[in-house]
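Student: Please take me slowly through one part of this model, with each term explained as it comes up. After that, I would like to hear how that part fits into the rest.

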Number of protein chains: 4
Amino acid sequence: MQPEATQAEVAHMVERIQKLGLKPHVIVGAERTVIAAVGDERRTHKENLESGPGVSEVLPILAPYKMASRELRKEPTVIRAGSLVVGGATVGVIAGPCSVESEEQILQTARAVKAAGATALRGGAFKPRTSPYSFQGLKEQGLELLAAARQATGLAVVTEVVATEDVPLVAKYADVLQIGARNMQNYRLLEAVGATRNAVLLKRGPSATIEELLLAAEYILNAGNPNVMLCERGIRTFESHTRFTLPLATVVYLHAKTHLPVVVDPSHGTGHSYLVPQMAVASVAAGADGLILEVHPDPENALSDGYQSLDLEQFAATMAQCRKVAAALGKEM
Amino acid sequence: MQPEATQAEVAHMVERIQKLGLKPHVIVGAERTVIAAVGDERRTHKENLESGPGVSEVLPILAPYKMASRELRKEPTVIRAGSLVVGGATVGVIAGPCSVESEEQILQTARAVKAAGATALRGGAFKPRTSPYSFQGLKEQGLELLAAARQATGLAVVTEVVATEDVPLVAKYADVLQIGARNMQNYRLLEAVGATRNAVLLKRGPSATIEELLLAAEYILNAGNPNVMLCERGIRTFESHTRFTLPLATVVYLHAKTHLPVVVDPSHGTGHSYLVPQMAVASVAAGADGLILEVHPDPENALSDGYQSLDLEQFAATMAQCRKVAAALGKEM
Amino acid sequence: MQPEATQAEVAHMVERIQKLGLKPHVIVGAERTVIAAVGDERRTHKENLESGPGVSEVLPILAPYKMASRELRKEPTVIRAGSLVVGGATVGVIAGPCSVESEEQILQTARAVKAAGATALRGGAFKPRTSPYSFQGLKEQGLELLAAARQATGLAVVTEVVATEDVPLVAKYADVLQIGARNMQNYRLLEAVGATRNAVLLKRGPSATIEELLLAAEYILNAGNPNVMLCERGIRTFESHTRFTLPLATVVYLHAKTHLPVVVDPSHGTGHSYLVPQMAVASVAAGADGLILEVHPDPENALSDGYQSLDLEQFAATMAQCRKVAAALGKEM
Amino acid sequence: MQPEATQAEVAHMVERIQKLGLKPHVIVGAERTVIAAVGDERRTHKENLESGPGVSEVLPILAPYKMASRELRKEPTVIRAGSLVVGGATVGVIAGPCSVESEEQILQTARAVKAAGATALRGGAFKPRTSPYSFQGLKEQGLELLAAARQATGLAVVTEVVATEDVPLVAKYADVLQIGARNMQNYRLLEAVGATRNAVLLKRGPSATIEELLLAAEYILNAGNPNVMLCERGIRTFESHTRFTLPLATVVYLHAKTHLPVVVDPSHGTGHSYLVPQMAVASVAAGADGLILEVHPDPENALSDGYQSLDLEQFAATMAQCRKVAAALGKEM
């Protein structure tokens, strides 16, 4: 309560807390009175109390997510989707081009990344692009090419779905449905992928808090789909020498708060291919359960994101370094 | 180019620029060589060039949006949607509760805000909520209540649409379709509202650049709908004493770059009702073409956002202050 | 406490809280135990408790500043320094060039800004510059020119001091000592200006929280100088179309938390002269107690900051608009 | 130039560019005219041109720092200060308490961190504290204790200097002078340490760009001291689950731009001791030339920063993990 709050205001808030099904405890201090409200905060919201008379601030103590919480489930969740295993002692590696462009491009990439140690293939068929004038993806044809690449290599397919109406189609072809950063809070879409049996890769929005990310995961879990991988792909800050700022402490923090596995995307997280290899290695060292990397046989002529894509050789070299670090830390990769 | 770029690399980039349909000009400096590429940059993207050998940086000069650009259309666009006029010398005022909760609540609010000078009614029927456990709105019943309030008061209705599949339904009831901040880059949804004849209120995402906001507007314009109002509702920064940081310079900057009108939302932009009145006044002083304000007859018992809602008296007082400033600056309100 | 905290850990923390001179209250909830610690938090720090065993989080309730607090002193502080009055119903206007460059430049500017309604003259003699290769100011000669301009016009002089060793010299010439944003947490310098009798203009650092700003003011107040004006000059965010993001809600928030007056700097806060006039007007509308504006007779040839300086005519026009808004809101300017 | 710039305005700018000693090249495009200005940009500033008539934007191409630039010096600089080697194939480790508190505390820590592999001892004697009511350090007595610890262990001493007037005193005791994040742009202090023969550890300010950091280093280099280590210690972003956001891509980026070595501070960079070990390992994996870590024999009772300090065992365990990763990547530690 504010220092100048009256007795009547304190009594009013005590009553409101009781109405919300919480148990109030009044603590009188030298300068101000504090009311502790005990109960399940997830049923209410701190904002409902903040507008009360004489209230100075409401400080929540319980996390608002439940099914994603480590408190609910102590062991880390291991997710398996075809050839991809993420979580536990295994580091999964999802690699491939930003966009599927042609049969040759995707097959060549799939074979090369598999040979270098990738355990899943990424590739965009439906592309959300900042400008309406940019290449928007091959759509269903892209999905077919991904399925062909899976058949040729055995690699699980990870691809983005951008709209509720596309979920059945994409779910038919993909092993893992990716929710892009721009759609992290597209709740209808989260519910739709929550209703499938596919694994989901949920990317953190560039200005999402960890709590918002976990609540987005909660939408999917709550819809019945337990196979959610979280993905740190960089946040928007004042820095301009990188496209986004990649905060690897997210990995360690998420491991403390949730049982869900954490994948890191150093390609979007830095936005420049020359920064990717060492940040991939650092991600493994930070404890990432998986990596997702943009790889293209000819980045200079890629239809999208070429500037942040590794070529096939760079990817193989990066994998070699990552594997050394994983081995040093007792992990499989 | 990088200082150590070779002649061959310069020649290679000159060729690539030509292939992209641009005209290269090579400028040799003391420390490095610069290549100017002249032509329509909107057809290509700086990233396509950044991955070239010996390239240091690519600096775009033309804005990537076109239909939204002030260069295309010098006069400010005035948007009319029922009782609401936004743009030119008139400041439109959209007021109402975060969520439609009941017939009594929305009718009482509509009458009161109209009496105080509002020119449109806001109210959420489909609510995108951070937590799956929060109140999600009355949905179609909420839309019916909004239509009833329009009938009773003559106020135009502004309400959010959160999914492509809801667009026809919401468009039937609403005068203005609101695209929320979380959906600013939900391109499928932008295209869907672009295909309607309703006016659109497009909110800036909390970490969207102005360029991204204008490109989102471009999606709507490009789909055939010219009636787009932009809305500044606060950005995410390190500040924690406000829910978001409300940057009013956006209004002045947007007026220089686009002909589209600019609305400000001081309720979300501050997140605390006691900060709203003066920030509403400041928004008018900064040149806003419209305001959107959360108003509730009983904020303390609101089902959502009560902490940032004005009550009916506070709204009337805020309007009185805003009108004084508008009059001082020669605007109608 | 964490949900899995043991009884022994709770008992340990109760003891620690007692040792810190605070009074513990243990509240047992369904999922976790909370310990409220009542007493003067300013003597300790939340961090001292955060490292305790079983501790989940420490949430401070009292503000850590005291002398700057509105709780200590209800009435707003009005600061007078020569011709400058800041606080209460009067809006002070500090105008002048970024750097003092020559006698003619400063005298011409001083006369013009006075004629247009400024109540103090700004001008940099000691310039902190990002690059060691930039113009660093005229130093003592600049101070002499400022004093001459004061003599000619009667305007109080506001100028920056960048080092402890310069305080006596600058204090001899200036009415108001400015602490620049880069030095907001140069505590030795704060103590040095706190030991003078001059008024102080304390600029917010570009990433300082409001709490850090008020604690910086507290250093000055605590050293014995009560005449501190706070200055919002923009924060660093992801926005790149302005040099900084100018958050005017700071003015309203500070008025709720502190009795010290608040000045706004739209020149640095936007970084582009074409954005300054409307943001100056908006600052007045938001309740600013003062404005500080960069004005130069020939911005194009200024030795520093020309791109964000108004010329003499633009300043006069800006003042006219500001005065209309101030009058509409019942303030003097 | 702006699309509507006149011929006269173009001619005017061409003339201004010439006057600044640069060579103009006019490139006429379909929509607008671009003027390239060739020459040493470090002598001028883009802002001097931005205020010209008809100018739309000024895009600098050369970096404004020179002595710090990798273009000037290709080989990485290796810095030696007593027992500490930073740069090249060796990872230096600076460890010790936030504040020197007592002889026993500093000696016990020095012995333990040396045994675990640290190559230098850190400890604050002059402490810049956010609040004037916090512990401000033991000052000269603290320096004496640090010197005693050096004598006992052979470890080089790294300690912060906060004011110009303290430089001679601190330089007498310290091997490495630390410039704290709050003082990164305290240019007088940079010049003062630039005039000593001590090595300098320059911490990045929490909202400083990399260019500003390198220009701050340039102040020290330009004053005659070549022994500058840069330190990434976290930036201020919207994230609140960590005290700062630690962007490890800084290490890789700096290695591309400058020959100066880069140290990482995971203690301040995360602000929570449980996040430190894995972020230390990740820093080594990212290519850091050194680590600086807060270590305290009894973090719970530390006078400052206990919540982010490792205890002696945690430090030894962290070193063991770091060493494995360093070995895997072919570095000495």
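**A close look at one helix pair**

Tutor: In chain D, helix H6 meets helix H7 through D:Tyr187, D:Leu190, D:Glu191, D:Val193 and D:Gly194 on the H6(D) side and D:Ala216, D:Tyr219, D:Ile220 and D:Asn222 on the H7(D) side, where contact means C-beta atoms, placed from the backbone, within 7 Å. These residues of the contact divide into 6 nonpolar, 2 polar and 1 charged (nonpolar being Ala, Val, Leu, Ile, Met, Phe, Trp, Tyr, Cys and Pro, charged being Asp, Glu, Lys and Arg, and polar the others, Gly among them). This is a predicted model, in which local features need pLDDT of at least 70 and side-chain atom pairs count only at pLDDT 80 or more, while totals for chains, interfaces and linings use all residues. Residues are numbered from 1 along each chain as its sequence is written, and chains are lettered from A and ligands numbered from 1 in the order in which they are written.

H6(D) spans residues 187-194 and H7(D) spans residues 210-222, helices being DSSP runs (H or I) of at least four residues and strands (E) of at least two, numbered from the N terminus. The axes of H6(D) and H7(D) come within 7 Å and cross at roughly 40 degrees. That crossing makes H6(D) oblique to H7(D) (under 35 degrees is roughly parallel, over 145 roughly antiparallel, 65 to 115 roughly perpendicular, and the rest oblique).

Turning from this pair to the chain that holds it, we find 34 residues of chain D in contact with 34 residues of chain A. On the side of chain D that touches chain A, helix H8 (249-257), helix H10 (276-285) and helix H11 (312-328) each supply at least two residues. The residues of that side of chain D comprise 21 nonpolar, 11 polar and 2 charged.

Chain A, the partner in that contact, has a secondary structure of 11 helices and 12 strands. The C-alpha atoms of chain A fill a box of roughly 75 × 45 × 40 Å, taken along the principal axes. Among the contacts in chain A with a separation of 6 or more, 64% are accounted for by residues 24 or more positions apart.

Finally, a rotation of 180 degrees, with 0.0 Å of shift along its axis, superposes chain A on chain C with an RMSD of 0.0 Å. The two copies are thus related as by a two-fold rotation axis.

Methods: Axes are lines fitted to C-alpha atoms, for helices over the stretch in contact, and angles run from 0 to 180 degrees between N-to-C directions. Two residues are in contact if their C-beta atoms, placed from the backbone, lie within 7 Å. Copies are superposed by least squares on the C-alpha atoms of residues with pLDDT of at least 70 in both.
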